[in-house]
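Colleague: Hi! Could you walk me through this one?
Modeller: Happy to, let me bring it up.

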Amino acid sequence: MNTVVVGVQWGDEGKGKIIDLLAETADVIIRYQGGNNAGHTVVVDGEEFIFHLIPSGILHPGKLCVIGNGVVVDPAALLDEIEHLRAKGVTVGDNLVVSDQAHVILPYHKVLDKLQDARSGRLGTTGRGIGPCYVDKMARCGIRLADLFDPASFERKLRSNLDEKNWLLQHFYHVEPVAWETTYPRYLDYGRLLKPYAGSVATLLHEAMGQQQSLLFEGAQGTMLDIDHGTYPYVTSSSATVGGACIGTGVPPKQLDRIIGVVKAYTTRVGEGPLPTEFPPDRMEVFRQRGKEFGATTGRPRRCGWFDAVVARHAARLNGLDELAVTKLDVLDGMARLKICVAYRIHGTILHEFPADIEALNRCEPIYEELDGWRDSTSHVTSYDGLPSAARQYLRRIAELVNVPITLVSIGVQRRQAFRVTINAHAA
Ligand code: IMP
C-alpha cells in the first residue's frame with residue numbers, strides 16, 4: 001500500500017504529526033518536493049523535533065527515509081539537520097538516501113531570493129533560496145547533488161552560474177558578488193560529506209515496491225501553495241499537490257493507492273496573498289496564541305481564519321483525496337459559535353468553486369454557515385464518541401462539505417493526541 005500525504009490548505013496543516021503516525025506501518029518514507037522552506041514538527045515524549053528536509057519517519061527505527069529528486073537541497077541545512085538529530089540520539093546513516101538528481105541550493109539562490117522578494121511585489125518567501133533554485137532547474141543551468149562529486153564538472157557549472165548571477169548582483173542589485181574562492185571548496189566539501197547518502201531514488205523505490213514494501217510520501221507546503229494550482233503568484237515554486245509525488249521520485253501514478261489530505265480545523269497561511277476567511281485582528285490574535293500559529297521555519301506569525309470548505313473541496317478534487325485527517329480541533333475548544341465558509345460571493349454572484357483568477361479571489365466575500373461551538377476541552381479525548389456532540393457535528397459537516405470521509409482526528413501535539421474515526425462524506 002503506497003500512501004501520499006498532502007496539505008489541503010496553505011501548508012502548516014500538521015502533516016509532520018500525521019506522517020509520524022502513519023510511518024509506523026510504512027517501510028519507506030519519502031519527501032518529494034520543496035526544500036528547507038518546510039518545517040514539520042513532531043513531538044515525542046515531550047521532546048520537539050522540527051524537520052526541514054529529512055522525512056519525519058527517521059524517528060522510527062528500521063525505516064528507510066528518502067529525499068527525492070524533486071526536492072531542492074541546501075547541503076548546509078541538510079548536514080545541520082543530520083547533526084541535530086544525532087545529537088538528540090536519532091540514528092541517521094544507511095537509513096537516509098538523498099537523490100543524486102536533487103538540485104542544490106547555492107549561496108546566490110538565497111541572496112537572490114531575498115532581493116527579488118523585496119523588489120517585486122513581496123510574496124513573503126522564506127528566504128531559503130527555494131524559488132531561484134527551481135528557476136535554475138527549469139532553465140537547465142542548475143547544479144545537482146551528483147555534480148558536487150565531480151570537481152571538474154562542478155567547476156564548469158559553478159563558474160558559468162557565477163558569471164551570470166554576479167553580474168546581476170553587482171550591476172542590477174548593487175550588492176556584493178558571491179565569491180568563487182569560498183563557494184567552490186565549501187560545496188566540494190559538502191559533496192564529500194553527503195556522498196555516502198546519495199543514491200538513485202527511482203531505482204531504489206522501484207526495488208522496494210518489487211519487494212512489496214509500502215511507501216509513504218510526505219508532501220510539504222499545501223495545495224494552495226502549489227506552483228500551478230495554488231494562489232499564484234503567492235505560492236511556492238514546487239508541485240505541492242499529489243502529482244509532485246510522481247515527478248519528485250519517479251514512482252508512477254498507478255502505484256499510488258491512498259491519498260490523504262491533512263487539513264486544519266480552521267485556516268492559516270504565512271506570507272502574502274489572498275486568504276478569504278481571514279479573521280479581524282482581535283480574533284486573529286486569540287487563534288494565534290491558542291494554536292501557537294508561528295512559522296516552524298521562520299517564526300513569522302501566521303494569518304488565521306475560519307475553515308474554508310471551498311478551498312478544501314477544491315483541494316479534494318485536485319488531489320483525488322480518499323481521506324481527510326483533521327488537525328488542531330482542540331484549538332476551537334471553548335468557542336461559543338463557529339463558522340465554516342461554504343461559498344463565496346462576488347459582485348452579487350454566488351461561487352461554489354474556487355476561482356482561478358487571483359483578482360477575482362481578492363474580491364470574494366465568504367458566505368458562512370454558523371455552527372454551535374463546544375465548551376469542554378477535547379485534548380484528552382481518545383475516540384469519536386468521546387467528543388462533545390457539537391464537535392462531532394462540526395467534523396460531520398466538514399466531511400459532507402468537502403465530500404471526503406474523515407479518518408483521523410488530531411487534538412494536540414503529542415503522539416497519543418490523535419485517534420482514528422470513520423466520518424462519512426454523506427450524512428448518516
Ligand atoms: P518560498 O517557498 O520560500 O518561495 O515562499 C513562498 C510562499 O510559500 C511564502 O508565502 C511562504 O510563506 C510560503 N511557504 C513556503 N513553505 C511553507 C511551509 O512549509 N508552510 C507554510 N508556508 C510556506
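Modeller: One term to start: buried means under 20% relative accessible area, exposed over 50%, and partly exposed in between, with a 1.4 Å probe and protein chains only. This is a predicted model, where local features need pLDDT of at least 70, side-chain atom pairs count only at pLDDT 80 or more, and totals for chains, interfaces and linings use all residues. Residues are numbered from 1 along each chain as its sequence is written, and side-chain values use heavy atoms, with hydrogens and water left out.

Colleague: Thanks! Is helix α1 buried or exposed?
Modeller: Buried: Lys15, Gly16, Lys17, Ile18, Ile19, Asp20, Leu21, Leu22 and Ala23 are in that state. With 9 of the 9 residues of α1 (residues 15-23) buried, the helix is largely enclosed by the rest of the structure. Helices are DSSP runs (H or I, at least four residues), strands likewise (E, at least two), numbered from the N terminus.

Colleague: On to the ligand. Which residues are closest?
Modeller: Asp12, Asn37, Thr126, Thr236 and Arg300, out of 15 that surround the ligand. Near here means that a heavy atom of the residue lies within 4 Å.

Colleague: And what does the side chain of Thr236 do there?
Modeller: One of its N or O atoms is 2.6 Å from an oxygen atom of the ligand. That fits a polar contact, a pair of N or O atoms within 3.5 Å; within protein, one must be able to donate a hydrogen and the other to accept it, and residues adjacent in sequence count only if both atoms are side-chain atoms. Arg300 has a polar side-chain atom 2.9 Å from a ligand oxygen, and a backbone N or O atom of Val270 lies 3.2 Å from one. The ligand taken alone exposes 470 Å², and the protein buries 96% of that (Shrake-Rupley areas, 1.4 Å probe; for residues, only the protein chains shown count as cover).

Colleague: Nice. Where does Thr231 sit?
Modeller: Thr231 is in the loop between β10 (215-218) and α8. Its relative accessibility is 3%, so Thr231 counts as buried.

Colleague: Which side chains does Thr231 make polar contacts with?
Modeller: The side chain of Thr231 has a polar contact of 3.3 Å with that of Trp10, and one of 3.4 Å with that of Arg269.
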